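Visitor: I'm new to looking at proteins in 3D. Could you walk me through this one?

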Amino acid sequence: MDINSIDIVHAFSALGAGCAVCSGIGTGIGQGNAAGMAAQAVGRNPGAKGDIMSTMLLGQAVAETTGLYGLVVALLLMFVKPFDK
């Protein structure tokens with residue numbers, strides 16, 4: 001079995017892609033926490049529902065960018081192989 005440097009690059013690219021996708025865990029926890037706190041706030045003050053929901057959606061959009069960046073990095077690591085011949 002012959003292992004060359006290109007095989008090592010491919011192996012570490014796959015490992016790095018797996019680590020990059022793990023950023024989705026934090027994104028999911030953060031968005032779930034934001035939605036739960038927003039539901040709790042609306043339950044305490046139903047009159048402020050519009051302000052609470054718009055703030056929650058803005059916060060979730062910002063939190064989602066972390067997961068999307070992780071996905072983009074993973075896709076680049078898996079499908080862009082600069083050392084292939």
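**A walk through the model**

Visitor: Let's start with cysteines. Is Cys22 buried, partly exposed or exposed?
Guide: Keep in mind that we're looking at a predicted model. Cys22 has a relative accessible area of 45%. Buried would be under 20% and exposed over 50%, so with its 45% Cys22 counts as partly exposed.

Visitor: How many disulfides does a search of the whole structure find?
Guide: Take Cys19, which is in no disulfide. The nearest cysteine sulfur to it is that of Cys22, 6.0 Å away. A disulfide needs the two sulfur atoms within 2.5 Å, so 6.0 Å is too far for a bond. Searching the whole structure gives a count of zero.

Visitor: And Cys19, is that one buried or exposed?
Guide: Its relative accessibility comes to 54%. The cut-off for exposed is over 50%, so Cys19 counts as exposed.

Visitor: Which residues make up the largest nonpolar core?
Guide: In soluble globular proteins, nonpolar side chains tend to be buried together. Here, helix 2 (23-44) and helix 3 (49-79) each supply at least two residues of the largest nonpolar core. One contact to look for is Ala38, which touches Ile52 and Met56 when residues up to four places away in sequence are not counted. The core has five residues: Ala38, Val42, Ala48, Ile52 and Met56.

Visitor: Let's zoom in on Val42. Is it buried or exposed?
Guide: You'll find Val42 in helix 2. Its relative accessibility is 17%, and the cut-off for buried is under 20%. That's why Val42 counts as buried.

Visitor: Which residues is Val42 in contact with, leaving aside its neighbours within four places in sequence?
Guide: Ile52 should ring a bell, as it belongs to the core along with Val42. Skipping the neighbours within four places in sequence, the contacts of Val42 are Lys49, Ile52 and Met53.

Visitor: Met53 just came up. How exposed is Met53?
Guide: Met53 sits in helix 3. With a relative accessible area of 29%, it falls between the 20% and 50% cut-offs. So Met53 is partly exposed.

Visitor: What separates the C-alpha atoms of Val42 and Ala74 in space?
Guide: Along the sequence, Val42 and Ala74 are 32 residues apart. In space, going from C-alpha to C-alpha, the answer is 37 Å.

Visitor: What about Thr27, which residues is it in contact with beyond its neighbours within four places in sequence?
Guide: Thr27 has its place in helix 2. Thr27 is buried, with a relative accessible area of 7%. Leaving out those sequence neighbours, its contacts are Ala63, Glu64, Thr66 and Gly67.

Visitor: Now the outside. Which residues make the nonpolar surface patch of about 640 Å²?
Guide: One member, Met1, is found in the segment before helix 1 (5-21). At 97% relative accessibility, Met1 counts as exposed. The patch is made by Met1, Ile3, Ile8, Phe12 and Leu15.

Visitor: Last one: what separates the C-alpha atoms of His10 and Ile29?
Guide: His10 is in helix 1, and at 26% relative accessibility His10 counts as partly exposed. His10 and Ile29 are 19 residues apart along the chain. Their C-alpha atoms are separated by 31 Å.

Note on methods
Residues numbered from 1 in each chain as written. Predicted model: local features only at pLDDT ≥ 70, side-chain atom pairs only at ≥ 80, totals over all residues. Heavy atoms only, no water. Core = buried A, V, L, I, M, F, W, Y, C linked by side-chain atoms within 4.5 Å. Buried < 20%, exposed > 50% of the residue type's maximum accessible area, 1.4 Å probe, protein only. Helix = DSSP H or I, 4+ residues; strand = E, 2+ residues; numbered from the N terminus. Contact = heavy atoms within 4.5 Å. Patch = residues over 30% accessible without salt bridge, like charges linked within 9 Å, V, L, I, M, F, W, Y side chains within 5 Å. Areas by Shrake-Rupley, 256 points an atom, 1.4 Å probe, with all protein chains shown as cover. Salt bridge = Lys/Arg side-chain N within 4 Å of Asp/Glu carboxyl O.
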